[in-house]
Amino acid sequence: MKSTPLSLIAGVVALAAVTGFAALTAPGGGETTEAGAAAARLPVERSSLLCPAPSTSDLAETTYTSFTPAGESGGEAGAAELKAADALPADEDAASDDGGKDTDEEKDDADKEKASDGKPVISLKDLGRPATADTTKTGAPALVGTATGKFAPGWTAQQTTTTAAGSARGLLGVSCTAPDTDFWFPGASTAKSRQGYVHLTNPDDTAAVADIELYGAEGPLKSDAGEGITVPARSSVPMLISTLTGEAAENVTVHVTTRTGRVGAVVSAAEDEVGSDWLTASADPAGTQVLPGIPADATSVRLVAFAPGEDDADVKVQLMGKDATFSPAGNATLHIKSQMTAALDLKDVTRGEPGSLRLSPADGSTTPVVAALRVVRGTGAKQEVAFIPATDAVGERASVADNRAKGSTLSLTAPGATAKVKVTASAGSESGEATVKTYTVKGGTTLDVTPETPAGLKGGYALTVETESGGPVHAARTLRLAEGGVDMFTVQTLPDDGGSVEVPAAEQDLSVLDD
């Protein structure tokens with residue numbers, strides 16, 4: 001008989017680095033393994049992102065931006081590509097022998113947009129420099145993307161659509177999302193004045209089955225159409241929210257789960273008189289939530305919150321302003337009944353200064369909640385709407401793509417201790433050199449900054465925020481664009497990019513008897 005040493009932990013470490021979905025710690029939640037070796041962090045080697053189908057308006061113009069920050073690398077080789085969902089082969093690895101690169105550089109943009117040719121809509125070529133692609137194609141498909149090797153750690157993609165007129169008028173921005181199995185969307189609606197779709201995109205080569213639950217102010221909304229929704233392999237399915245129930249409700253929380261498989265999920269929301277934008281998922285249910293980046297000139301702010309558990313929740317509502325944290329007059333707390341959607345009209349709560357909202361337990365309540373803000377800027381016919389979901393902290397690093405020479409504002413808020421962050425404006429998509437600046441964010445306040453654009457900028461650029469010291473920082477980017485006399489805007493939050501995973505640094509050998 002002979003003894004063969006098996007390195008089980010080393011195998012798990014390799015799997016974690018490839019998938020990017022694992023974080024390993026020692027038993028009991030410590031920082032070391034049983035052998036006493038310190039835990040380490042390794043860059044992920046594969047990332048997935050999904051972009052929903054953009055507006056179907058004939059007037060829509062959409063820009064896709066792909067970006068991976070320079071720095072830690074998941075390998076020397078690799079690629080980052082976004083393809084039309086219905087153009088992906090069943091076996092991605094067998095698609096080509098050249099790493100998925102387009103061998104016909106003379107293809108024009110129209111050919112690249114064809115869902116039938118299987119070519120990437122956008123490919124990233126360099127670390128630290130975004131790549132862009134534009135389309136005016138009506139009925140453009142959803143995109144499914146994968147980044148591998150050196151492009152995987154911190155990969156992000158942005159979809160920005162400008163629609164100058166019509167019911168879908170607005171600047172619609174969304175950071176393309178990772179596939180998952182559970183999403184919460186407070187801030188949707190089934191009211192007659194609003195039209196919302198839940199976009200479900202399946203990145204895998206087998207069908208996924210999803211359920212959509214709706215909750216209004218009085219509890220669950222009766223719905224049979226939201227059960228057992230099949231999302232075919234490598235495809236996207238939009239579901240009109242108002243057709244899932246016969247009940248009209250102004251404020252609705254949408255809950256998306258999967259029975260089998262995984263999907264990307266995001267809600268498009270259009271509203272009479274105030275335009276449209278994307279609503280992305282709230283951070284996972286928690287007792288404390290932070291909603292960063294309320295524009296200083298917001299004319300109407302509505303908080304929508306939901307308690308998914310069996311207990312009611314009582315939360316303190318606090319605005320972290322330019323100089324201090326305070327409770328809005330008359331709205332210091334909010335009672336959220338279990339399984340019911342609650343809303344609070346905060347009006348023009350920021351009053352000309354930057355602000356972020358913090359929800360925290362009140363009166364000893366520790367019930368987890370999810371939340372989002374509906375934000376309106378402008379008045380009368382020049383109103384424009386956007387949404388800000390509760391978001392996790394920046395953590396080690398977070399990025400947002402598609403910043404322009406003008407119109408970008410970065411909001412940084414420190415809900416706890418004072419913090420210092422480094423902000424990098426990347427090289428431009430066409431030309432320009434990266435710039436770096438450090439900011440100190442006082443605890444309990446919100447700092448709005450206009451990013452320093454890259455020197456010699458031509459094209460767009462990305463922003464990367466890294467926490468250097470102090471407490472946690474939450475961030476959001478507001479992008480503004482004037483169109484048809486309307487000051488359009490969209491807000492994207494910046495949670496940790498998950499570019500690395502924690503793994504044990506030592507192996508543990510086991511022996512297996514083999515005769």
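These legends describe close-up views of a predicted model.

**View 1. T201 and its surroundings.** T201 belongs to strand β12, which covers residues 194-201. With a relative accessibility of 2%, T201 falls under the 20% limit and therefore counts as buried. Its side chain makes a polar contact with the side chain of S236, at 2.9 Å. Leaving aside residues up to four places away in sequence, T201 touches L50, A142, V144, V231, S235, S236, R262, V263 and G264. S236 thus appears both as a polar partner and in the list of touching residues.

**View 2. An open sheet of four strands.** The strand order is β34-β30-β37-β38, and the pairing is antiparallel. At the edges are β34 (445-449) and β38 (486-493), each of which pairs on one side only. From one strand to the next, the twist averages 20°. Strands in a sheet pair through backbone hydrogen bonds, in either a parallel or an antiparallel sense. Here, strand β30 (residues 408-414) is joined to β34 by five bridges, and the two run antiparallel. One bridge to look for links T413 to its partner T446 in β34.

**View 3. Strand β39, covered on both faces.** Strand β39 spans residues 500-504, and five of its five residues are buried. In a regular strand, side chains alternate between the two faces of the sheet. On one side of β39 are S500, E502 and P504; on the other are V501 and V503. Both faces are covered. Strand β2 (residues 39-43) pairs with β39 over five bridges, in the antiparallel sense. Within this pairing, A39 stands opposite P504.

**View 4. The aromatic pair Y215 and F306.** The whole structure holds four aromatic pairs. In the pair formed by Y215 and F306, the ring centres are 4.8 Å apart and the planes meet at 45°, so the pair is tilted. Y215 lies in strand β13 (residues 208-216) and F306 in strand β21 (residues 298-306), so the pair ties together parts 91 residues apart in sequence. Both Y215 and F306 are buried. Together with W184, Y215 and F306 form one aromatic cluster.

**View 5. R377 over the ring of F489.** R377 lies over the face of F489. The distance to the ring centre is 4.9 Å. The edge strand β38 (486-493), shown in the open sheet of View 2, takes in the position of F489.

Key
Residues numbered from 1 in each chain as written. Predicted model: local features only at pLDDT ≥ 70, side-chain atom pairs only at ≥ 80, totals over all residues. Heavy atoms only, no water. Buried < 20%, exposed > 50% of the residue type's maximum accessible area, 1.4 Å probe, protein only. Polar contact = N/O pair within 3.5 Å; in protein donor to acceptor, adjacent residues only side chain to side chain. Contact = heavy atoms within 4.5 Å. Pairing = 2+ DSSP bridges. Axes fitted to C-alpha atoms, helices over the stretch in contact; angles between N-to-C directions. Phe/Tyr/Trp six-rings, centres within 6.5 Å; stacked < 30°, edge-to-face > 60°. Lys NZ or Arg CZ within 6 Å of the ring centre and 35° of its normal.
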